[in-house]
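Open your viewer, load the coordinates and keep the selection tool at hand. We will go from stop to stop, with something to select at each one.

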Amino acid sequence: VQLAESGGGLVQPGGSLRLSCAASGSTFSINAMGWYRQGPGKQREWVATITPGGNTNYANSVKGRFTISRDNTQNTKNTIYLQISSLKPEDTAVYYCYADGYISGSSYKTWGQGTQVTVSS
């Protein structure tokens, strides 16, 4: 499975962005997809997860401000989104998409290349 993110950028405090992550390859093997982020000088932290059935979970630090969703149309059903709103400077980070799955008797976790989100006035 390969992941390609897009949608990062520079935004002012209080602003919004939508990040996208498109999966390709053996997408039938995916159990869940989601996002992590890594701020400057910080460890990578989990942000949100969505299952194929649409169940979602969020880190407490983003609950109420971030929304994870997936595209259920036939041609783009392996694409997920992270709508990030009411942005704060502490949300500045590289945001990484991930996918968990199971294939050929082994579990895996694969990552995208990351997309930079900078919150600054």
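How many salt bridges does a search of the whole structure find? The search finds 4. Keep in mind throughout that you are looking at a predicted model.

**The whole chain**

Before visiting those pairs, show the protein chain as a cartoon. You should see 11 strands and 0 helices, so from the N terminus onward every element is a β, running β-β-β-β-β-β-β-β-β-β-β. The radius of gyration is 14 Å, close to the 14 Å that the globule rule gives for 121 residues, so the chain is as compact as a globular protein of that length. If you draw a box along the principal axes, the C-alpha atoms fill roughly 45 × 30 × 25 Å.

Now switch on the surface. The protein chain exposes about 6,300 Å², and carbon and sulfur atoms supply 46% of that area. Of the 121 residues, 44% count as buried. Contacts reach along the sequence too: among those between residues at least 6 apart, 54% join residues at least 24 apart.

**Charges and salt bridges**

Colour the charged side chains next. There are 10 positive and 6 negative charges, and their mean positions lie 3 Å apart. Side chains of opposite charge can pair when their charged atoms come close.

Select Arg37 and Glu45. They form a salt bridge in which the closest N and O atoms are 2.6 Å apart. Which partner is buried, and which is partly exposed? Arg37 is buried, with a relative accessible area of 6%, while Glu45 is partly exposed at 35%.

Move on to Asp91 and Arg65, whose side chains meet in a salt bridge at 2.7 Å, N to O. This pair links distant parts of the chain, 26 residues apart. Asp91 sits in the loop between β8 (79–84) and β9 (93–103), and Arg65 in the loop between β6 (56–58) and β7 (66–70). Both Asp91 and Arg65 are buried.

For another pair, pick Lys109 and Asp100. Their side chains meet in a salt bridge at 3.2 Å, N to O. Lys109 counts as partly exposed at 36% relative accessibility, and Asp100 is partly exposed as well, at 23%. Now show Arg37, Glu45, Arg65 and Asp91 together: salt bridges that share partners join these four into one network.

**A stop in strand β10**

Select Thr110, which lies in strand β10 (residues 106–111). Is Thr110 buried or exposed? At 19% relative accessibility, Thr110 counts as buried, because the cut-off for buried is under 20%. Display what surrounds this residue: leaving out residues up to four places away in sequence, Thr110 touches Val1, Leu3, Cys97, Tyr98 and Ala99.

**Two serines with positive phi**

Most residues other than glycine have a negative phi, which gives a reason to check the backbone at the next two selections. Go to Ser86, in the loop between β8 and β9. Its phi is near 50°, a positive value in a residue other than glycine. Ser86 is partly exposed, with a relative accessible area of 41%.

Then jump to Ser104, in the loop between β9 and β10. Ser104 also has a positive phi, of about 50°, although it is not a glycine. What is the relative accessibility of Ser104? The value is 75%, so Ser104 counts as exposed.

**From β5 to β7**

Finish with two C-alpha distances. Select Gly53, found in the loop between β5 (45–50) and β6. Gly53 counts as exposed at 70% relative accessibility. Draw a line from Gly53 to Arg70: their C-alpha atoms are separated by 9.8 Å, with the two positions 17 residues apart along the chain counted as their spacing.

Last, select Asn57 in strand β6. Asn57 and Thr67 are 10 residues apart in sequence and 9.5 Å apart in space, C-alpha to C-alpha. Which residues is Asn57 in contact with, leaving aside its neighbours within four places in sequence? Show Trp46, Val47, Ala48 and Thr49 as sticks, and you have them.

Methods:
Residues numbered from 1 in each chain as written. Predicted model: local features only at pLDDT ≥ 70, side-chain atom pairs only at ≥ 80, totals over all residues. Heavy atoms only, no water. Helix = DSSP H or I, 4+ residues; strand = E, 2+ residues; numbered from the N terminus. Rg over C-alpha atoms; globule rule 2.2 N^0.38 Å. Buried < 20%, exposed > 50% of the residue type's maximum accessible area, 1.4 Å probe, protein only. Contact = heavy atoms within 4.5 Å. Areas by Shrake-Rupley, 256 points an atom, 1.4 Å probe, with all protein chains shown as cover. Lys, Arg positive; Asp, Glu negative; His and termini not counted. Charge placed at Lys NZ, Arg CZ, Asp CG, Glu CD.
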